[in-house]
Amino acid sequence: MQEYWPHIILVLSLAASTAATIHAAMTKQDVRAAIGWVAIVIFSPLLGALFYFFAGINRIRQERVSQQRVLQDHDLMLIERLVIKQSLPEWPHEFAALRRAGDSIARYKLLRGNSVELLDGGDQTYPAMLEAIADAKKSIAMQSYIFDHDRMGVRIAQALIDAHNRGVEIRVLIDAVGAKYSRPPITRMLMKGGVPTARFLPTAIGMRLAYANLRSHRKLLVIDGELALAGGMNIREGFTTEFGQNKMTRDTHFRIRGPATRQLMDSFAHEWEFTTKERLDGVQWFNSVNNVVQDANTPVRVVTSGPDRTLGANQSMVMAALSVAQHHVRIQSPYFLPDIVLIGALVTAARRGVIVDVVIPGNNNLKLVSAAMDAQLDQLVGAGVRIWKSTGTFDHSKLMAVDGLWSYAGSSNLDPRSLRLNFELDLEMYDQQMAHTIESRIDETIETSNRVTLESLRSKPFSIQLRNRLIWLASPYL
């Protein structure tokens, strides 16, 4: 062995590098990702192949996560009555094209008969969650990326335990990485209280890796198959004035009633079955799809996306909306790292005469991401896209509104991780009142924001610009 170990290492390196290179070339859909991984493997044969094994391979079985659940015939008939096949008569014709694009992009159809309410921050969202859990009679399905074991997390966990003790069926799904943001993890308290709890896709080495791939970033609570709360909010005490005080993180969430709750429950059931192999069925989980809210007719479509058959669905929805915009696009995103295709869509909209406003945090909680964001803003600002950096505390909201009619919100950031590597959950809404609500919230933020200009970007010291560009090179993995 002492004589031949260099040859053994050489053979192992060549075999591992060859296998990793072939796998990357044959499975990666993005040519830049394929080239990047092949370069890493070639220039660092053994370590590169090992890194690719842990971080570069998509271990999600597409047919497993994306498989459409089979509905009963009578459910299909009821759903068919609620599907919107044409845009509303009073709407501009371009939104009919957007609806058709959504039908081909998303797994779910646009359904009428919903009510949707925006909840501003943890001060509104967490009390709504606690009230909904307390009122649950049959079932609770809860999903979160981060569920901290802090004072707010304990309140919600205890509410779930109390509901379990009174006979409500409960399932809680937390991302395996997000579960480790606090110690001890909240999963211990939930399982000790008898609440069925699972962790989505544990990492290979069991650590909390801030930039681990293939995470479930979805945030969802479904009560009795009738009421749902979904959006961008994790469960963390820092989102409330009670605990965060003047450093409170801002965010948005949505309360939904109507047939769209079935789509949300279906999304949860997919990931729960993928994680635990348990199939959720029955009226306690899936209430009648004909659950139309009286005096409410907001058309809603649930858009799921992730590194499976729904890859890029969220980005495709955003680009479709940009292509039909005629007057004004407003976007708010905490992590804004669009790829060259999305940058092109934003720039094209601005050059067509559409006002494009993008709000990003002036004080970001992820400094590396903030630096990478700054490195590419000149591509947008120079083409007429208006970029605003908010002041005050960090805002985690992910919002988009087009022409005062259409809006899109949920868990998706506009960065490579959300658009390609994470499982995300968003709401597409055709409702003038909701679009105005989101627009007003973004406009209020713009009023106290600082506009980014080419001069402000170029006035930064060269060392800062160089640092930002070097960090930007790693943006596909931030």
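1. Let me start with the overall burial: of the 478 residues in the protein chain, 56% are buried. Please keep in mind as you read that this is a predicted model. The accessible surface of the chain comes to about 20,900 Å², and carbon and sulfur atoms hold 57% of that area.

2. On the fold as a whole, the protein chain contains 18 helices and 15 strands. Taking the contacts with a separation of 6 or more, 82% are between residues 24 or more positions apart.

3. Helix H12 (residues 313–324) is a nice one to look at for its geometry. Its twelve residues, at 1.5 Å each, should span 16 Å, and the end C-alpha atoms are 17 Å apart, so the expected and computed lengths agree. H12 is also mostly covered, with nine of its twelve residues buried. These are Ala313, Asn314, Gln315, Met317, Val318, Ala320, Ala321, Leu322 and Val324.

4. Helix H6 (residues 94–105) passes the same kind of check: twelve residues at 1.5 Å a residue should give 16 Å, and its end C-alpha atoms lie 17 Å apart, which agrees. Buried in H6 are Glu94, Phe95, Ala96, Leu98, Arg99, Gly102 and Asp103. You may like to display what covers them, which includes H12 along with strands S8 (298–305), S12 (399–402), S13 (406–410) and S14 (424–430).

5. Next, a single residue. Ser418 sits in helix H15 (residues 416–421). Is Ser418 buried or exposed? Its relative accessibility is 2%, and because buried means under 20%, Ser418 counts as buried. Setting aside neighbours within four places in sequence, Ser418 is in contact with His217, Asn314, Ser411, Ser412, Asn413 and Glu424. Of these partners, Asn314 is one of the buried residues of H12.

6. Finally, a helix pair. Helix H13 (residues 340–351) packs against helix H14 (residues 367–381) at an angle of about 35°, and their axes are 10 Å apart. The crossing of H13 and H14 is right-handed. Which residues make the contact? From H13 come Ile340, Ile343, Leu346 and Val347, while H14 supplies Gln376, Gln379 and Leu380. Sorted by class, the contact of H13 with H14 has five nonpolar and two polar residues, with no charged residues.

Key
Residues are numbered from 1 along each chain as its sequence is written. This is a predicted model: local features need pLDDT of at least 70, side-chain atom pairs count only at pLDDT 80 or more; totals for chains, interfaces and linings use all residues. Side-chain values use heavy atoms; hydrogens and water are left out. Axes are lines fitted to C-alpha atoms, for helices over the stretch in contact, and angles run from 0 to 180 degrees between N-to-C directions. Helices (H or I, at least four residues) and strands (E, at least two) are DSSP runs, numbered from the N terminus. A crossing is left-handed if the near helix is turned anticlockwise from the far one by less than a right angle, and right-handed if clockwise. Contact means heavy atoms within 4.5 Å. Ala, Val, Leu, Ile, Met, Phe, Trp, Tyr, Cys and Pro count as nonpolar, Asp, Glu, Lys and Arg as charged, and the others, Gly among them, as polar. The expected span of a helix is 1.5 Å times one less than its number of residues. Buried means under 20% relative accessible area, exposed over 50%, partly exposed in between (1.4 Å probe, protein chains only). Accessible areas come from the Shrake-Rupley method with a 1.4 Å probe; for residues, only the protein chains shown count as cover.
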